[in-house]
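Subject: Structure for you to look through

Dear colleague,

Here is the structure I promised to pass on to you. Please open it beside this message, and then read on for what was found.

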Amino acid sequence: MRTETPPTVRLEDYRPSDHLIDRVELDVRLDPHDTRVTATLALRPNPAGRAGAPLVLDGDDLTLLALELDGQAPASDAVRADASGLTLHRPPQRPFTLRIETRLDPTANTRLMGLYRSNGVYCTQCEADGFRRITYFLDRPDVLSVYTTRIEAEREAAPVLLGNGNPVEAGTVPGTDRHYAVWHDPLPKPAYLFALVGGRLDRVAKPFTTMEGRAVEIAVYVEPGKADRAAYALDAVERSMAWDETAFGRAYDLDLFNVVAVSDFNMGAMENKGLNIFNDKYVLASPETATDGDYAAIEAIIAHEYFHNWSGNRVTCRDWFQLCLKEGLTVFRDQEFSSDMRSRAVHRIAEVRNLRARQFPEDAGPLAHPVRPKQYAEINNFYTATVYEKGAEIVRMLRTLIGETAFRAGMDRYFADNDGTAATVEDFLKAFEAVTGRDLSRFAEWYERPGTPRVAVSSSYDPAARTYRLAFRQTRPGAGADAPPLVIPIGLGLVGPDGPLDSPHAERVEDGVFVLETAEDAVTFENVAVEPVPSLFRAFSAPVRVESPLDDAARLTLLRHDPDSFNRWEAAQRIALGLMTAQVRGETAGNAGADDFVVALGAFLDAEALRDPAFAAQVLALPSEGDLADEIGTEIDPDAIFAARRDLRRRLGTGLRERLLSLREALAEPEGTPFSPDAAAAGRRALRNAALDLIAAADPEAGSALAQAQIAQATNMTDRLAGLAALALLPGEAREAALSAFAERYANEPLVLDKWFAIQAMIPEDGTVARIRRLQGHPAFANTNPNRVRSLVGSFSLANPTQFNRADGAGYALVAETVLALDGTNPQVAARLMTAFGPWRRLEPVRRAAAETALRRIAATPGLSRDVTDIGTRSLAG
C-alpha cells in the first residue's frame with residue numbers, strides 16, 4: 001500500500017506520454033495466491049512526446065518475474081524496476097516490444113483494486129489507477145491500446161472466464177484440470193477500462209438487435225442460485241440500449257454485452273468495455289429482498305454504466321482532471337433515461353434533493369473543488385458529488401441555453417469529432433460552438449470555480465403601467481472581486497391568485513428562460529393584470545442558492561397553482577424550512593405559520609394525492625436535518641435541528657391524521673395483486689409509507705400498531721422495510737422484537753441485512769453508538785466488505801446527525817476508529833468514510849472542537865495511506 005506523502009498533480013503540468021502502446025497481449029493464469037500475468041506490449045515513441053525520453057511504466061505492489069526487450073533480456077544497467085515502477089533508461093527510438101511477467105496474490109488484495117478475489121470469483125477494478133497493480137504500464141487515460149487477453153484457470157473453480165470485447169477462442173490446457181478463453185477488444189481503450197472475471201457464476205441472457213442490425217447477446221452473471229434476481233437488471237440493459245439509440249443515436253458496437261455482479265466492490269459499478277462489473281446490490285432484485293428504491297437504483301446504474309460505452313469509452317478523458325467529461329455527462333444521460341422511464345417531475349425532485357444533500361455541503365466545506373479540479377493528490381478522492389452531480393447540472397444548463405435540437409446536434413458532433421480519442425472539456429464545448437455558432441467561453445467558467453453561486457431576486461409591480469419587474473444579482477462565495485460573472489439560465493413564469501399568467505411578455509425571455517450573464521440584470525414583464533408571484537428557477541434550471549423575495553403566502557400560491565411541479569414542491573420545502581429555522585433560532589414563524597401550512601397541505605392532498613401519489617409523497621417529505629443545517633449555515637446545533645424537525649412532523653401528523661389514514665386505505669393494493677416495480681405502483685407505496693411516518697411521529701402508539709401490522713402483512717420489501725423504519729424510531733420492546741425477527745428472517749440475505757444494519761445506525765438516540773459497536777461484532781458484519789461498512793458506519797456518519805455529532809465526541813471517535821482500522825486494508829473506503837467530517841467547521845464550538853480532535857487523531861497516525869492523508873490534510877486546512 002502506498003503510504004508516502006502524495007505528490008500534487010496539476011492540470012497545468014499535463015503533457016502527452018512520451019511513448020504509446022498500440023497493442024497489448026495479456027496472458028493471465030489465475031491462481032488464488034500465485035497468479036502469473038505475462039504482458040506483451042507493442043510500444044513506439046510518441047511523436048508528440050519528448051524524443052529520447054526514458055520509458056517510465058507505473059506499478060503498484062508488483063513482483064517482477066521476467067523482462068524481455070524485443071525477445072532479449074535487457075542489460076541490468078538499462079532497467080530499474082521495483083514494486084512501484086519500471087524504467088527503461090534508453091528505449092529504442094522505433095517501435096519495439098516489451099514482455100513483462102509479474103506475480104500477484106488476488107486473495108490478499110483487500111484494497112479491491114487491480115485483480116482480486118471476491119467470494120471465490122476473480123475480478124478486476126482498474127479505475128482510476130488499478131491496472132498498474134496487474135502489470136507495469138503507462139497507466140493513464142490518454143494511452144489507448146487494442147487488447148487481446150488470454151485467461152486461464154482451474155475449470156472447477158472458475159468455469160466462467162470473461163474478458164473485454166468478443167470471445168475468439170476457448171479450450172482445455174492439455175494434461176491439466178485447467179481451461180482457457182481468449183478475448184479480443186477491437187476498439188482502442190485506456191487501461192482503466194480493462195477487465196476480466198473468472199468464477200462459478202449463473203447466467204441469464206437475451207438477444208438484442210441494434211438499429212444498425214448488429215445481433216448482440218446481453219448477459220448478466222450472478223452468484224450461483226441468484227439468477228432469478230437478475231431479470232430486472234437484464235431488462236434494464238435492454239431498455240438502456242434501446243433508449244440510447246433513440247435519444248442520442250448511439251448503437252452498441254460489440255457482439256456481447258456482459259454484466260457481472262460481485263459482493264465485494266468499492267464502487268457502485270464499473271463501465272469496463274463490454275464487461276461491466278457491478279456491486280451486487282445494483283443487480284440483484286426480487287420483491288422479497290429489494291425495495292422500490294433498489295429497483296430504481298438498479299435501473300439508473302445499469303443505464304449509467306451502459307451509457308459510458310460512448311460517453312467515457314468510445315470517447316474517453318484525456319486526463320483525470322477531465323473526469324467530469326465522462327461522469328457528469330453520463331449522469332446527465334442516466335438522469336434523462338430515468339426521467340423517461342418514470343415520472344420526470346418526481347425524478348427531478350429526487351435529483352435536486354441528492355444534489356443539495358451531497359454537493360452543496362461539499363461546495364461549502366474544506367473538500368470543495370471545481371467540477372474540473374486544477375490539482376489533486378489522490379485521484380480516488382475526486383469521485384465526488386461535484387464531479388458527478390454538479391457536472392450533470394452543467395450539461396443540463398447547456399441544453400437549456402441552446403435548446404434541445406441544438407443540444408442533440410452538438411452531442412452528435414462531439415461523438416463524431418472525438419470517437420476513439422481522449423478528449424477534454426474544451427473539446428466538448430467546441431462541438432456545441434460548432435453547431436450553434438455561439439461562444440461558450442463564458443459558460444466554461446462553471447467548470448473552473450468551486451462554490452455554489454447565490455442569486456438574489458427582488459421584484460416590483462406597477463399596477464398603473466401593468467408591468468412587473470424582476471431584478472437579479474449574482475454573487476459567488478469565495479470568488480475574488482475580479483471573478484467573471486457566470487452564465488445562469490433562469491426558468492421563469494408568473495402565477496396569479498387563480499393560476500398561471502400566460503399573457504405577460506418580456507424581452508430576453510425565450511421559451512420561459514431568462515439568461516443572467518452579468519453581475520446584475522433585470523427583466524420587465526408587460527401586460528400584467530394583477531400583481532403576480534414569480535415562479536423562479538423552474539425545474540431547478542441552475543445549481544444555485546436563491547435569495548427569494550417570496551413570503552409564505554406567495555409560496556402557498558405556488559403550491560396551489562404553479563404548473564411547474566418542481567416549484568410546487570420547492571414552495572412546500574421553503575415553508576417547512578422557514579418554520580423549522582425559526583424554531584431553531586427562537587424566532588417567530590413566517591406569515592403562514594404551521595397551522596396554515598397544515599391546512600394548505602390538507603387541501604393539496606385532497607386535490608392531488610390520488611392523482612399523483614409519487615409527487616404527493618415528495619411534497620409530504622420534510623426537508624432533512626442536513627437541509628436545515630445547510631440553511632442555518634453556521635454555529636450548527638444538530639440537537640436543536642432534530643427537535644425542530646421532530647416537532648413539525650408531529651404537527652403535520654396530528655393535523656393531517658384523518659386524511660393520512662384515509663389515503664393509506666385508499667392506496668392499499670387489493671389482496672393478491674402481483675408486485676410491480678413500475679413508477680405508478682412505487683408511487684402508491686411511497687405515499688402510504690410517507691403517511692405512516694407522519695402518523696407515527698404524531699401518535700407513537702398508533703404508529704407502532706400500524707407499523708407492526710404493515711410488517712406482518714407486507715408482501716414486498718418496500719412495505720416491510722418502511723414499517724421497520726417507522727418502528728425503529730419508537731423505543732420499546734416492539735422495536736427490538738421486530739429488529740430481531742427481521743434479522744432472523746433474512747439471516748442468509750447479505751443485501752437485506754445491509755438494510756437492517758442501516759436502519760439501526762440511523763436511530764437518533766443516545767444508545768446508538770453502543771448499538772453500532774455491538775453490531776460491529778455481529779457474525780454478518782465484516783470490515784472487509786464495503787457494503788457492510790457503508791451500511792453501518794456510513795449510514796451512521798451521513799444520516800444520523802445528532803449521534804454522529806454528539807457533543808461528547810463519541811460519534812466522531814467511533815468513525816475515526818473505523819477509518820484507522822480500515823486504512824491498512826481498504827484505504828478508498830476509509831477515505832470516503834472520513835468525508836463525513838466535511839462540515840465540521842460550521843458546527844457550534846463544543847462539537848467543532850470534538851470533531852477537530854478526531855480529525856487530528858487520524859492525521860497524526862503513522863503510516864496512513866495516501867487516500868486518508870489527502871482527505872485529512874484538506875479537511876484540517878479548509
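Which residue has a side chain joined to that of Trp-243 by a polar contact? The partner is Asp-340, and the contact between the two side chains spans 2.9 Å. Please bear in mind, here and below, that this is a predicted model. Along the sequence Asp-340 and Trp-243 are 97 residues apart, while in space their C-alpha atoms are separated by 9.1 Å. Asp-340 belongs to helix α3, which covers residues 323-341, and Asp-340 counts as partly exposed because its relative accessibility is 44%, which falls between the 20% limit for buried and the 50% limit for exposed.

The next topic is salt bridges. Side chains of opposite charge can pair when their charged atoms come close. The structure holds 87 salt bridges, and three of the pairs are described below.

One of them is formed by Glu-127 and Lys-326, whose closest N and O atoms are 2.9 Å apart. Glu-127 sits in the loop between β10 (121-125) and β11 (145-154), whereas Lys-326 sits in helix α3, so this pair ties together parts that are 199 residues apart in sequence. Glu-127 and Lys-326 are both buried.

Another salt bridge pairs Glu-152 with Arg-178, with 2.7 Å between the closest N and O atoms. Here, too, distant parts of the chain are linked, since Glu-152 lies in strand β11 and Arg-178 in strand β14 (residues 178-189), 26 residues apart. Glu-152 and Arg-178 are both buried.

A further salt bridge brings us back to helix α3: Arg-333 pairs with Asp-244, and the closest N and O atoms are 2.8 Å apart. This pair also links distant parts of the chain, with Arg-333 in helix α3 and Asp-244 in helix α1 (residues 231-248), 89 residues apart. Arg-333 is buried, because its relative accessible area is 0%, and Asp-244 also counts as buried, because its relative accessibility is 1%.

Finally, salt bridges that share partners join Glu-336, Asp-340, Arg-344, Arg-348, Glu-351, Glu-393, Arg-396 and Arg-399 into one network. You will recognise Asp-340 in that list as the residue whose side chain makes the polar contact with Trp-243, so it may be a convenient place to begin when you look at the model.

With best wishes

Key: Residues numbered from 1 in each chain as written. Predicted model: local features only at pLDDT ≥ 70, side-chain atom pairs only at ≥ 80, totals over all residues. Heavy atoms only, no water. Helix = DSSP H or I, 4+ residues; strand = E, 2+ residues; numbered from the N terminus. Buried < 20%, exposed > 50% of the residue type's maximum accessible area, 1.4 Å probe, protein only. Polar contact = N/O pair within 3.5 Å; in protein donor to acceptor, adjacent residues only side chain to side chain. Salt bridge = Lys/Arg side-chain N within 4 Å of Asp/Glu carboxyl O.
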